[in-house]
Number of protein chains: 2
Amino acid sequence: MSAAHGSGAHADAAEAGGIQSVDVAIVGGGISGLVAGRKLARAGKSVLVLEANDRTGGRVQNGTVGGAVCELGGEWVTSFQPNVQSLIKEFGLNTFDTYTTGKSTCVYDGKVTRFEATNLPLPAADLIEIAATIVLFDLMASAVPVDAPWTAPEAKAWDSQTLASWLEDNILTAGGCATLDLISGGPLCAAPRDLSLLHFLFLVASTGGAERFGSIKGGVLESRVEGGSGLIVEKLTKELGDRVQLNAPVRVIDQTGPKVRLTTDRGVVSADRVVVAIPPTLAGRIQYDPPLPTARDQLTQRAPMGWAVKCFATYPTPFWRDAGLNGFVTNLTPGAMIEGVFDNSPPSGSPGMLYGLMEGDGARAWGSRPADERKAAMLEAYASFLGPEALTPTDYLEQDWAATPWSRGGASIAFGPGTWTEYGPALRDPVDRIHWTGTETATEHWGSMDGAISAAERAVSEVLV
Amino acid sequence: MSAAHGSGAHADAAEAGGIQSVDVAIVGGGISGLVAGRKLARAGKSVLVLEANDRTGGRVQNGTVGGAVCELGGEWVTSFQPNVQSLIKEFGLNTFDTYTTGKSTCVYDGKVTRFEATNLPLPAADLIEIAATIVLFDLMASAVPVDAPWTAPEAKAWDSQTLASWLEDNILTAGGCATLDLISGGPLCAAPRDLSLLHFLFLVASTGGAERFGSIKGGVLESRVEGGSGLIVEKLTKELGDRVQLNAPVRVIDQTGPKVRLTTDRGVVSADRVVVAIPPTLAGRIQYDPPLPTARDQLTQRAPMGWAVKCFATYPTPFWRDAGLNGFVTNLTPGAMIEGVFDNSPPSGSPGMLYGLMEGDGARAWGSRPADERKAAMLEAYASFLGPEALTPTDYLEQDWAATPWSRGGASIAFGPGTWTEYGPALRDPVDRIHWTGTETATEHWGSMDGAISAAERAVSEVLV
């Protein structure tokens, strides 16, 4: 999976005086960087993927809990994400539907309620308002070009307010507020106050409709990869072979010479082109020579990552299923530690696995507390939602993406007001011989694995021009 | 002013095996870092100020235009800023009042108007609304504790919306909108859409009243230092002597050992404590081992610098004075290239010097255009405001702080919604042996030279405990 320092990269890569020379150096071995590397290699370019971690995958990573595979980062894939589906197919992987048999659970106003329909157990007025607002979001989003949100007719007005302000001004029912707060802030692991309304509408447009955010069937929670999404990373990494260099954080990108020179912790790499495949905020921590153009530098100052902690607990069996529950919990309690719980068991159903997502305000409130306190509170929450069996897991595992070096947040970035309209073009505009990718530069399915792939293909097309 | 690499720092600093050892290493030689270094040295500590640039001062720097001194960065000082006044007095420097004799100029609705009173030439209703809103801002700000804005009773609501949203919801008159937009966004060189309402109210509280923002007499534009504010930097730097190391950007701060180890471009420094005296966004670009606590790291992702370009033009005489004008221009045109012009002549009045400030949206629109195009437009603007003589300066000089390496923005940072309430304590909380200073950590006169000084004194008091 890795190349020892000093081993030659494929194709015309060569080492001379400790400097590895390639056609294209790729900064970051997440899915976007790996896909870019693979595509460039297939096009005959010598490439080297420089990964800071001791593993590839970025925010996509398989883990183990209770003897089973779990997905520490991105996990869901959907039928309407063509790029990730195509990769899954190519690699001979299988997907399976999110478990939905039985009743869902809603926590609202201090009460735990079970429900069967797709509608939450809320008063009719609240449900009508939620449905109408989702239609309105879609309508507003239809005016936001996904490749240039700053050109939307209402861009300036929508980018001058937070999503929280919009909800405050427009939503009347308490259940509507709580639900829209959750589904609107959730996808980014941020709170509605963190988001520009324009950024949220861009996300709606990019995802293909607001209904998809909180939905399982036909939504972003639709299905998963058997064996974990980490298998996609593994296959990509394997194909790249010793074109991947681990433990090689890039510190300096120097474009002052005839070749671009990258200084890493494992030596210097010389390249004709560079593809930077890490989130903008992390890309801003690299030193550039010459310094980045102002708009690009200032963009990296305004592209904060959300805060997401995934919490897994395993049980001998998925006990909630026996009680007629599908394990899916929507927690509408404002400022809750945990906003959603999902049945994350493997297709076999053994072990039973729950995954709870702490995100945004919940993660900020709980992410820095002692681990045992957090674990106890999380299991208490699982128990109050799904039954006392939840208190005695066979195993428990947390992954805090905001605490993880070389990620420092997740699921993705949340643009606040003023960023898209004032700095939007700098997200993708190449800087001399540097090209930018990563799911944060995608137009379709922004923030997902699918977006990471399409973004890579766009960046590669710039390099190959 | 600088120490050659390898020369020993004062006191018990010693060099062994290329490692300089001091009690306290200070990252950044702006006013805050210099004041911290001086105070620690006077307390008997060996210190080393590590400055990335080839000069000290950060965003305070003297320059030369038309043969005269100009202040490329921070320039105004006021009678109500005790810390900077005390330093000025100690150094035997003199201040002089901003020139106010004659009429001021207002640009509004396409018209250039002269006026004498402190009130802008706007309809009475607009003036009443502006005055009432300033009172309201002060009242709201009185509920914001400057040392903990996140504890204000309305903190969550105020930190969920932009200042632009608040203005949109509350201001009726066109002149009121334009004026409040200008004075509220101006101090940070950002636009009201970039700011959390809570951050703005904190700034009002920290400055001692909203009236002060756009005001000369009794306001933040009150007076200046004879010979330039750069003299303060010069005196501080001289006192520190070879305790200042230039061209020494700090790349890594390693707290894993018994001593803190700082890796700079000019060698390794070992210290018991570290004072980081650079803006949070730049501090986030240093590598920390162990990695920063999540809240601190995520704060650095959400502390964007504004965009400010200072444009100076000199003339044989301050010709506008002969026309009965004081050179002070308030441009209320939305999205204008330039929002304010000031008579920046030295006390002698020779040469005549105009200083125009491009900031926020104006800077974003114009900052990246070709220099000659920008200069021509700027001189055209000066001429349209103050007379055709402005078209033929004897010299012209620009300083773009957002383009300046090791600053990448100015005047200061603009917190968007959600930052104070979710990450506020991380602004000042020490991280093991690292203490944070810089004007962005001040409680009083945040963002000014005075704030840089008081913040340094607070950081030093933490170190000396």
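Below are legends for close-up views of a predicted model with chains A and B.

**View 1. How chain B lies on chain A.**
Start with the symmetry: a turn of 180° and a shift of 0.0 Å along the axis lay chain B on chain A with an RMSD of 0.0 Å. The two copies are thus related as by a two-fold rotation axis. Looking for a landmark in chain B, take Arg285(B), whose C-alpha is the nearest to the axis, at 2.2 Å.

**View 2. The contact between chains A and B.**
Here 35 residues from chain A face 35 residues from chain B. On the side of chain B that touches chain A, the elements giving two or more residues are α5 (163-170) and α10 (294-300) of chain B. The top contributor to that side is α10(B), with 4 residues. As for chemistry, this side of chain B is a mix of 12 nonpolar, 14 polar and 9 charged residues. Since 100% of the interface residues of chain B are also interface residues in chain A, the copies meet through the same surface.

**View 3. Domains 2 and 3 of chain A.**
Chain A splits into domain 1 (14-58 + 230-292 + 431-464), domain 2 (62-100 + 221-228 + 308-400) and domain 3 (123-212). This view is about the second and third of these. Taken over C-alpha atoms, the centres of domain 2 and domain 3 of chain A are 26 Å apart. Where they touch, 9 residues of domain 2 of chain A are in contact with 9 residues of domain 3 of chain A. The domain 2 side of that contact in chain A has 5 nonpolar, 1 polar and 3 charged residues.

**View 4. Helix α3 against helix α6 in chain A.**
Residues 124-141 of chain A make up α3, and residues 174-185 make up α6. Their axes sit 7 Å apart and the helices pack at an angle of about 40°. That angle makes α3(A) oblique to α6(A), and their crossing is right-handed. From α3(A) come Asp126(A), Glu129(A), Ile130(A) and Thr133(A), which meet Gly175(A), Gly176(A), Thr179(A) and Leu180(A) of α6(A). Sorted by class, the contact of α3(A) with α6(A) has 2 nonpolar, 4 polar and 2 charged residues.

**View 5. Helix α3 against helix α7 in chain A.**
Now α3(A) again, this time with α7 (residues 197-207) of chain A: the packing angle is about 90° and the axes are 8 Å apart. These two helices, α3(A) and α7(A), are therefore roughly perpendicular to each other. Phe137(A), Asp138(A), Met140(A) and Ala141(A) of α3(A) meet Leu201(A), Val204(A) and Ala205(A) of α7(A). The tally for the contact of α3(A) with α7(A) is 6 nonpolar, no polar and 1 charged residues.

**View 6. Helix α1 against helix α15 in chain B.**
Over in chain B, α1 (residues 31-42) packs on α15 (residues 449-464) at an angle of about 40°, with 8 Å between the axes. That makes α1(B) oblique to α15(B), with a right-handed crossing. The residues of α1(B) taking part are Ile31(B), Ser32(B), Val35(B), Ala36(B), Lys39(B) and Leu40(B). They meet a run from α15(B) that includes Met449(B), Ala452(B), Ile453(B), Val460(B) and Val463(B). By class, the contact of α1(B) with α15(B) comes to 12 nonpolar, 1 polar and 2 charged residues.

Notes: Residues numbered from 1 in each chain as written. Chains lettered and ligands numbered in written order. Predicted model: local features only at pLDDT ≥ 70, side-chain atom pairs only at ≥ 80, totals over all residues. Contact = placed C-beta atoms within 7 Å. Nonpolar A, V, L, I, M, F, W, Y, C, P; charged D, E, K, R; others polar. Domains from an automatic or database assignment. Least-squares fit on C-alpha atoms with pLDDT ≥ 70 in both. Axes fitted to C-alpha atoms, helices over the stretch in contact; angles between N-to-C directions. Parallel < 35°, antiparallel > 145°, perpendicular 65-115°, else oblique. Left-handed = near helix turned anticlockwise from the far one by under 90°.
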